[in-house]
Amino acid sequence: MASGTSRDVVGRGLRVLGRAIREQPRIFAVAVTGSVLFGLMVIASAYVVGAVVGKVVVPAVARGSVTDGALALAAAALLGISVLRVVGIFGRRLGAGYMQYRLQATYRRRVTRRYLDLPLAWHHRNATGTLLSNANSDVEAAWYPIAPLPFAVGTLVMLVGAVVSLFLTDWALALVGLAVFPALFALNVVYSRRMAPRQARAQRLRAEVSGIAHESFDGALVVKTMGREAQETTRFGARAGDLRDALISVGKLRGVFDPMLETLPSLGTLAVLVVGAIRLRQGAISVTELVSVAFLFTVLAFPVRAIGWVLAELPRSVAGWDRVRRVLDATGEMPYGEVVLDPATPAPATLAFHDVHFGYEPAEAHLPGTEVLGEVTFTVPAGKTVALVGPTGAGKSTIASLAVRLVDPRTGTVTLDGVDVRELTAASLASTLALVAQVPFVFDDTVRANITLDRPGIGDEEVWAALRLAEADGFVAALPEGLDTMVGERGTSLSGGQRQRLTLARALAGRPRLLVLDDATSAVDPRVEAAILAGLRAPADGGAPASILVVAYRRATIALADEVIYVEHGRVVARGTHTDLLATVPGYADLVTAYEQAEQEREQTRTYDEVTPLTSGLEVEVDR
Ligand SMILES: Nc1ncnc2c1ncn2[C@@H]1O[C@H](COP(=O)(O)OP(=O)(O)OP(=O)(O)O)[C@@H](O)[C@H]1O
Ligand SMILES: [Mg+2]
């Protein structure tokens, strides 16, 4: 690290700390007050010890007896100082702890809040792992120096106090102090500068080691079935070895510097004794003063380390803060409009795409962004079902994201009941639309909470109605605690098809006027899939049917649609009824037939999880 940049880091680190102080001024004041009290008591203790030696011990030795009064006074003074020191430590630790953890909590909230505000386009460019470390370790790293900061500030005050008291005592002893304190300070600075890159490396390796472990656990299925255990062990072993070396190099540096930091004040004490003896002989100082100063040098050494701790954490803090700020300063929230779609009686909505072009933003700004969709125009009329069919990568999920306004078109418009979706309020969009995504997501919560998502107006009756529509009521009723069963990562595990039906029920519970199903029933038995879709088109409870845009593959599903839109390479290649397309579009016929064959083969080898109890062990995650 060049000295220019490290000075830069100190400057920027101090500015980050300044921000922390501005955010929590009162707690910081408490912590610093405690720390200053402690520092002053350290100085005071040196002078009291000096006084005890000079005024009580020396006369007592000379006389051969101790005066009780003097002894009691000395004991009382030392006790008083100890109590004040304890109060100081308490205030400092409490304040520093409060400040550090409050800042962490505040910024974690701000960062995660920001994630929710930022558009999907931003999330497409940022890996999940990065987002996690932004909210966790980066926020923590940014506020690491807060813990020793009040101690360091108090120590600075203490050092100034010590030098002043030295000058008041004797100029020659003060000169010794002026030589030793800055040397101690400088040694700390050198130490922390050398330590910072080593610790940064160790920190990075720690993250890598846990990253590899995490990946191996996540991919346990692949690792085991592909016989990759040995390679995974080697990969992990290599990084773990690097981490060991990095930590040993940290230890070595400690081994060199720690003794030096211990020795320097002792050398100072030695110098004080030599200079002090001369000054004593000259009659310039008393025994009391000499002992006080010698003692002062020994007790000052430890607190000075706090300054080193702060300096050592600054590079990490700056790096963490930079990453946190990148999130907080990120722009591009989706602006919402003012229009509210609120028909008097709930009726299916009409969705229309007009000449929509779209491309994902490249991961890095300098890379060219390619167009994923072009000239996409189609309509889902009110109450109708439109199937979106196309080979993998054709852009079906992208069309689904545009339909529910997760992303906006580059050019062209998406309208709901004739209104550009960009002009609608967020609430109006949420109440009109529901997307069941290609990859079902289940929260680590109860079945009920997974379906209601705390939305108002969804009671148990509505939940069961939605479950029935999604053909999920059977397996939910068979769960040990019904709607109260915990599902997700730490609860009951659901099969692929059960997850899909749960997420479908979640979408249905909000009674959307337009439902977008992105391959949302692929892991469900084909007969069940057809039944679900038929139920949505004509709800048995007499409720209004929703308009449906469904990404589908199965002939039986597609055949239910009023119209089929066939997409290839981001373009609408053909549209019409299933029968028309089969007859006129060779690519379409090939795709549907190929899928059907694959499905039949799989059908023979796999068991669907149709309403089986969870304990049967028959559930198979069917990945399309
Ligand atoms: N987040 C993303 N960032 C960049 N490119 C993407 C992203 N998601 C999809 N794409 C690209 O956009 C194109 C269309 O993808 P999309 O997911 O819409 O296809 P799909 O038709 O849903 O495919 P599948 O049938 O496999 O689900 C693909 O070429 C894909 O590589
Ligand atoms: Mg898709």
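**Warm-up: a loop residue**

Arg 511 lies in the loop between α16 (496-509) and β9 (514-518). Helices (H or I, at least four residues) and strands (E, at least two) are DSSP runs, numbered from the N terminus. This is a predicted model, in which local features need pLDDT of at least 70 and side-chain atom pairs count only at pLDDT 80 or more, while totals for chains, interfaces and linings use all residues. Residues are numbered from 1 along each chain as its sequence is written, chains are lettered from A and ligands numbered from 1 in the order in which they are written, and side-chain values use heavy atoms, with hydrogens and water left out.

**Exercise 1.** Find the sign of phi at Arg 511, then do the same for Glu 375.

*Solution.*
- Step 1: Arg 511 has a phi near 50 degrees, so you've got a positive value in a residue that isn't glycine.
- Step 2: Glu 375 also isn't glycine, and its phi is positive, near 50 degrees.
- Step 3: Now place Glu 375: it sits in strand β2 (residues 373-380).
- Step 4: Check the cover. Relative accessibility is 48% for Arg 511, which counts as partly exposed; Glu 375, at 49%, counts as partly exposed too. (Buried means under 20% relative accessible area, exposed over 50%, partly exposed in between, with a 1.4 Å probe and protein chains only.)

**Exercise 2.** Check whether the ends of helix α9 (residues 229-281) are as far apart as expected.

*Solution.*
- Step 1: The expected span is 1.5 Å times one less than the number of residues.
- Step 2: For the 53 residues of α9 that gives 78 Å, and the end C-alpha atoms are 77 Å apart, which agrees.
- Step 3: Look just past the helix: Gly 283 has a positive phi of about 80 degrees.

**Exercise 3.** Repeat the check for helix α5 (residues 128-142), then look for a kink in α5.

*Solution.*
- Step 1: With 15 residues, α5 should span 21 Å; its end C-alpha atoms are 20 Å apart, so the two agree.
- Step 2: Even so, α5 has a kink of about 45 degrees, centred on Asn 134. (The bend at a residue is the angle between axes fitted to the seven residues ending there and the seven starting there.)
- Step 3: Asn 134 is one of the buried residues of α5, which also include Leu 131 and Asp 138.

**Exercise 4.** Which protein atoms are the donors of the magnesium ion (ligand 2)?

*Solution.*
- Step 1: Donors are N, O and S atoms within 2.8 Å of the metal (3.2 Å for Na, K and Ca); water is not among the atoms, so sites may look incomplete.
- Step 2: That picks out Ser 397 (OG) and Gln 438 (OE1), lying 1.9 to 2.3 Å from the ion.
- Step 3: Ser 397 belongs to helix α11 (residues 396-403) and Gln 438 to the loop between β6 (433-436) and β7 (445-446), so the pair ties together parts 41 residues apart in sequence.
- Step 4: Ser 397 is partly exposed at 29% relative accessible area, and Gln 438 is partly exposed at 33%.

**Exercise 5.** Describe the surroundings of ligand 1.

*Solution.*
- Step 1: There are 14 residues around ligand 1, and the closest include Lys 396, Ser 397 and Gln 438. (A residue is near a molecule if one of its heavy atoms lies within 4 Å of it.)
- Step 2: The largest share of this shell, 3 residues, comes from α11.
- Step 3: A polar side-chain atom of Thr 392 is 2.4 Å from an oxygen atom of ligand 1.

Definitions and conventions: Polar contact = N/O pair within 3.5 Å; in protein donor to acceptor, adjacent residues only side chain to side chain.
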